[in-house]
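User: Could you take a close look at the aromatic pairs for me, and then walk through a few of the buried residues? I would like the cut-offs alongside each term.

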Amino acid sequence: MTSGAAGTTRPVPWQRAPWQRVATGDDAVAVAERAALGTSARVAVWPPENLGAACAVTGDVLAALDLQASRFRPDSELSWLNEAGGGLFMLGDGLAEAVGVALAAARWTGGLTDPTVGAALVSLGYDRDFAAISQGGEPLGIPALAPVPAPGWPLVRLDGPLLRLPPGIRLDLGATAKGLGSDRAARAVMSATGAEGGVLVSLGGDIAVAGTPPRDGWPVAVAEEPDQAVPSQLIRLAAGAVATSSVSARRWRRGDAVLHHIVDPRTGHPADGPWRTVTVAAATCADANAASTAAIVAGARAQDWLTTAGLPARLTGHDGRVRRLGGWPADDGAPVPVPRGSHVYPGGPR
C-alpha cells in the first residue's frame, strides 16, 4: 500500500494573483474575482466587510483542491496517483472526498460521468492545462489518436481513504471538481465569518450559495457562449447551486478534428449530442456540475434523464432553441427552484 505524494510543492502562478474588487452598484454586497484552477473564481458576500475573510479562505480552499486533484500539476496527489501504475493507496482526506464524489456521481448518472476518462482526454490532446493548449491546436500533421473508451468507474474501489486503482486507469475528476470546489469554499466562508450574512462562490460559472441570500436571492447570469457580453437569462438563486456545461468552451483542433473537453465515457469521443449548453440547479454544486455534464453526454436522452432526476434545467440546442425543465423559469429575474438532497455527498448536502 502506498501513502501520500512526495516532494516539495510551490505555489502556481494563479495563487500569487491578487483578488480584484468588482464594482456592483450595490453597497450592500461586495464582490471580488481572480484567476483560479484554469478558470475564474468570483466571491460575493454580504455584509461587505466579510469580503477580505471570504477571499482569503476561498483562496486557501482552491489552492488545497488544486494540490489534491489537478491532473495538470505534476506535484498534485492525483498526478502522483495516475503515474503510480495502479495499486492500493492511502489518500489524503481531501482527495478521498473528491474521488468519492466523482464515483457517487458516476453511479447516479449511470456512467454518463465517469472519473476513469483520464486516458481518453489525454488521447484527445487534453493533456495539460487548457491555457497551455494553443488556439491553433496541435502542430500540423499530428493526427487525431484512436479513441480510448473509459475502462469504467466500477473498477475503482474506494473504502474510506483506501483506494484500489487497477493498472492503466487514469482518473480525471473534471465532471465534479469545480462544483466540489464551490461547495467547499461556500462552506468555508460561512465558517470563517461566523455564519453571518451570505455568500456566493462561482468557479468558472459553477455556483454555490450559502447562508442568508440578499432579498429576492442572488442574481445569476446564465450564458450560452464563452465571454458572452449579454447573458441569455438572469435568474435568482436563494439556496443550493447552479452549474453549466457547454461544448462551446475548451475547444481545440487535433489533425482535422475540432474537439472539446466533454467526453462520452462509452466511446472516448467528445460528446456529439444535440445540446450546446446545459444549466442545472441542484442542492449542491457538485450535483449540478455532474448533472449538467451528464445531460450533455446523454444527448437525445437528456430531457428524460433530467426529468427523472427531478432537476430544474435549461438546455440550449445547437440550433439555438431553448428547452426548460423542472420548473426552470421563463422570465428574467425569476427564482429558480432548487430540489433538496444530494446524490453525490454521503448523508446529503454538506
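Analyst: Happy to help; here is a walk through the aromatic pairs, the cysteines and two further residues.

This is a predicted model, so local features need pLDDT of at least 70 and side-chain atom pairs count only at pLDDT 80 or more, while totals for chains, interfaces and linings use all residues. Residues are numbered from 1 along each chain as its sequence is written, and side-chain values use heavy atoms, with hydrogens and water left out.

Let's start with the rings. The structure holds two aromatic pairs; rings of Phe, Tyr and Trp (its six-membered ring) pair if their centres lie within 6.5 Å, and planes under 30 degrees apart count as stacked, over 60 as edge-to-face and the rest as tilted. Trp80 and Phe89 make an edge-to-face pair, because their ring centres are 5.6 Å apart and their planes meet at 80°. Trp80 and Phe89 are buried, where buried means under 20% relative accessible area, exposed over 50% and partly exposed in between (1.4 Å probe, protein chains only).

The pair of Trp108 and Trp305 is tilted, with 5.3 Å from centre to centre and 50° between the planes. This pair links distant parts of the chain: Trp108 belongs to helix α4 (residues 93-108) and Trp305 to helix α8 (residues 302-309), 197 residues apart. Helices (H or I, at least four residues) and strands (E, at least two) are DSSP runs, numbered from the N terminus. Trp108 and Trp305 are both buried.

Next, the cysteines. A search of the whole structure finds zero disulfides, a disulfide being a pair of cysteine sulfur atoms within 2.5 Å. Cys55 is buried because its relative accessible area is 7%, and Cys285 counts as buried because its relative accessibility is 0%.

Now for Val201, which sits in strand β8 (residues 198-203). Its relative accessible area is 3%, so Val201 is buried. Not counting residues up to four places away in sequence, Val201 touches Arg42, Thr58, Ser182, Ala185, Ala186, Asp206, Ile207 and Ala208; contact means heavy atoms within 4.5 Å. The C-alpha atoms of Val201 and Ala241 are separated by 9.5 Å, with the two positions 40 residues apart along the chain.

Finally, Asn50 lies in the loop between β4 (39-46) and α2 (51-69). Asn50 counts as buried because its relative accessibility is 9%. Its contacts, leaving aside neighbours within four places in sequence, are Val45, Thr193 and Glu196.
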